[in-house]
Amino acid sequence: MATAKKAKAKKTVKAKPASAPAGSSPRHRVFSMQFAKIYPAWVNKVVRKGRTQKEVDQVICWLTGYTPAGLQKHIKGDGDLGAFIDQCPAFNPKAKLITGVVCGVRVEEVAEPSMRKMRQLDKLIDELAHGKAMEKVLR
């Protein structure tokens, strides 16, 4: 009887994902999330705080260099956040002015470039949701 309980109590060990090529670290799982599922969450966040979807689009286009039509392709497509970030037409050079903390992480201290860009975008969405003036959000 005791062995049956021990067998049930044992946790199953999940298989580790395939390792990344030598010299690189595996990407965070957030990059594999569908952009089309993340975008509505950002919109809902700012709309609950009295802002608009148009403002979210303006912030995303300002930071990433996407046109409104290019952004719509990603919203309607099945691409992931990693592809959205990595394929930015022209990431805004003023992005280096984006500082502060998002989810307990200081944006300007993030070493990996794609993760920093994602955190910068998240920081701008947070600022928009917190009522910061658009002129200050867009630096």
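1. Asp-126 is a suitable starting point for this note on a predicted model. At 14% relative accessibility, Asp-126 counts as buried. Its side chain meets that of Lys-45 in a salt bridge, with an N to O distance of 2.1 Å. Lys-45 belongs to helix H2, which spans residues 35–48, and Asp-126 belongs to helix H6, so the pair ties together parts that are 81 residues apart in sequence. On the lysine side of this bridge, Lys-45 is partly exposed, and its relative accessible area is 24%.

2. The bridge between Lys-45 and Asp-126 belongs to a set of five salt bridges in the structure. Another of them joins Glu-55 to Arg-51, where the closest N and O atoms are 3.1 Å apart. Arg-51 has a relative accessibility of 14% and counts as buried.

3. A further salt bridge is formed by Glu-127 and Lys-132, with 3.7 Å between the closest N and O atoms. Glu-127 is buried at 8% relative accessibility, whereas Lys-132, at 31%, is partly exposed. The arrangement also includes Arg-139: Glu-127, Lys-132 and Arg-139 are linked in a network of salt bridges.

4. Lys-123 deserves separate comment. This residue is found in helix H6, which covers residues 113–129. Lys-123 is buried yet has no salt bridge. Which side chain of opposite charge is nearest to Lys-123? It is that of Glu-127, at 4.4 Å; a salt bridge requires a nitrogen-to-oxygen distance within 4 Å, so this pair does not qualify. Leaving aside residues up to four places away in sequence, Lys-123 touches Ile-98, Thr-99, Gly-100, Val-101, Val-102 and Val-107.

5. Helix H6 also contains Pro-113. Pro-113 is partly exposed, with a relative accessible area of 46%. Between Pro-113 and Ile-85 there are 9.8 Å in space, C-alpha to C-alpha, and the two are 28 residues apart in sequence.

6. The aromatic residues form the next topic. The structure holds four aromatic pairs. One of them is edge-to-face and consists of Phe-35 and Trp-42, with 6.0 Å from centre to centre and 70° between the planes. Phe-35 and Trp-42 are both buried.

7. Phe-35 also takes part in a stacked pair with Phe-84, the ring centres being 4.1 Å apart and the planes 15° apart. Phe-35 is placed in helix H2 and Phe-84 in helix H5 (residues 81–86), so the pair ties together parts that are 49 residues apart in sequence. How buried or exposed are the two partners, Phe-35 and Phe-84? Phe-35 is buried, with a relative accessible area of 0%, and Phe-84 is likewise buried, with a value of 0%.

8. The grouping extends beyond these pairs. Phe-35, Tyr-39, Trp-42, Tyr-66 and Phe-84 form one aromatic cluster. Phe-35 therefore appears in the edge-to-face pair with Trp-42, in the stacked pair that ties helix H2 to helix H5, and in the cluster as a whole.

9. A final point concerns a charge placed over an aromatic ring. The charged end of Lys-117 sits over the ring of Phe-91, and its distance from the ring centre is 5.0 Å.

How values were computed:
Residues are numbered from 1 along each chain as its sequence is written. This is a predicted model: local features need pLDDT of at least 70, side-chain atom pairs count only at pLDDT 80 or more; totals for chains, interfaces and linings use all residues. Side-chain values use heavy atoms; hydrogens and water are left out. Helices (H or I, at least four residues) and strands (E, at least two) are DSSP runs, numbered from the N terminus. Buried means under 20% relative accessible area, exposed over 50%, partly exposed in between (1.4 Å probe, protein chains only). Lys and Arg count as positive and Asp and Glu as negative; His and the chain ends are not counted. Contact means heavy atoms within 4.5 Å. Rings of Phe, Tyr and Trp (its six-membered ring) pair if their centres lie within 6.5 Å; planes under 30 degrees apart count as stacked, over 60 as edge-to-face and the rest as tilted. A charge sits over a ring if NZ of Lys or CZ of Arg is within 6 Å of the ring centre and within 35 degrees of the ring normal.
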